[in-house]
Amino acid sequence: MMSVPPLIRSFFPLLDMLRNIQHKGKERETAKRLVSRSNVRCTRRRCAVLEILLRSDDHPTAALIYERCRATMSLATVYNCLEALTQAGLVNRIFMDTGPARYCPNLYPHVHFVDETTQQVIDVHLRPGVKAEDVFDLPAGAKVRALDACLRGSLPFGYSEKKES
């Protein structure tokens, strides 16, 4: 399996907590804990940006995050916070085609599936026990550090990522 830095691995229990329905609504506390444990200064704005990402299931752009913080900070501040969170390993920056970068708080190894009709983006995880090395025809001795791929196609009518979780 891909190696995950120990600092990031220590965040997995908190991320699992977010996936548990009884902990929904606690994104603010989780964001504060994640930023506090990282190697970046814990500021109110960084926590607010991470909280927005933790509440989102649509892989928002910086502009969408800016809209969601209801003008409590400038767009430049949102970009600065996203850069700090990305550098700290708390958020993944994903690029799809030529559009703006999107942000994903899911730190588990996964790829993204883009519905070409609706532009919905969902996370797709490897099946349990499967390693990236098992899926791709890699040169002998190659080691996978990260998995960053985008699948394109169509989702079934009425699909909702929340229903599937």
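**Helix, core and salt bridges: questions and answers**

Trainee: How does R68 count in terms of relative accessibility?

Mentor: R68 has a relative accessibility of 32%. The value comes from a predicted model, in which local features need pLDDT of at least 70, side-chain atom pairs count only at pLDDT 80 or more, and totals for chains, interfaces and linings use all residues. Residues are numbered from 1 along each chain as its sequence is written, and side-chain values use heavy atoms, with hydrogens and water left out. Since buried means under 20% relative accessible area, exposed over 50% and partly exposed in between (1.4 Å probe, protein chains only), R68 counts as partly exposed.

Trainee: Which residue meets R68 in a salt bridge?

Mentor: A salt bridge requires a side-chain nitrogen of Lys or Arg within 4 Å of a carboxyl oxygen of Asp or Glu, and the pair in question has an N to O distance of 2.4 Å. R68 lies in helix α5 and its partner D58 in the loop between α4 and α5, so the bridge ties together parts that are ten residues apart in sequence. Helices (H or I, at least four residues) and strands (E, at least two) are DSSP runs, numbered from the N terminus. The partner, partly exposed at a relative accessible area of 28%, is D58.

Trainee: How many residues apart are E27 and R55?

Mentor: The search of the whole structure finds five salt bridges, and E27 with R55 forms one whose closest N and O atoms are 3.5 Å apart. E27 counts as buried at 4% relative accessibility, whereas R55 counts as partly exposed at 48%. E27 belongs to helix α3 and R55 to helix α4, and the pair links distant parts of the chain at a separation of 28 residues.

Trainee: Which strand is tied to helix α6 by the salt bridge of E83 and R93?

Mentor: The closest N and O atoms of E83 and R93 are 2.4 Å apart. Both residues are partly exposed, E83 at 34% relative accessibility and R93 at 27% relative accessible area. Because E83 lies in helix α6 and R93 in a strand spanning residues 92-94, the pair ties together parts ten residues apart in sequence; the strand is β1.

Trainee: Which residues are joined into one network by salt bridges that share partners?

Mentor: Shared partners are what define this network. Among its members are E27 and R55, which also form a bridge at 3.5 Å. The full set is E27, R28, E51 and R55.

Trainee: Which element gives the largest share of the largest nonpolar core?

Mentor: A nonpolar core is a set of buried Ala, Val, Leu, Ile, Met, Phe, Trp, Tyr and Cys residues joined through side-chain atoms within 4.5 Å. The largest here has 24 residues, and V49, L50, I65, L82 and L90 have the most contacts inside it. Two or more residues come from each of α3 (27-37), α4 (44-55), α5 (62-68) and α6. The largest share, six residues, comes from α4.

Trainee: Which residues does I65 touch, not counting those up to four places away in sequence?

Mentor: I65 is one of the core residues with the most contacts. With contact taken as heavy atoms within 4.5 Å, its partners are V49, I52, L53, P60, V78, L82 and Y103.

Trainee: What span does α6 reach from its first C-alpha to its last?

Mentor: The expected span of a helix is 1.5 Å times one less than its number of residues, and α6 has 13 residues, with 18 Å expected. Its buried residues are V78, C81, L82, A84, L85 and T86, and their cover includes α3, α4, α5, β1 and β2 (102-104). Just after the helix, G89 takes a positive phi of about 80 degrees. The span of α6, close to the expected value, is 18 Å.

Trainee: What phi does H59 have, although it is not a glycine?

Mentor: Most residues other than glycine have a negative phi. H59, in the loop between α4 and α5, is buried with a relative accessible area of 5%. Its phi is positive, at about 50 degrees.
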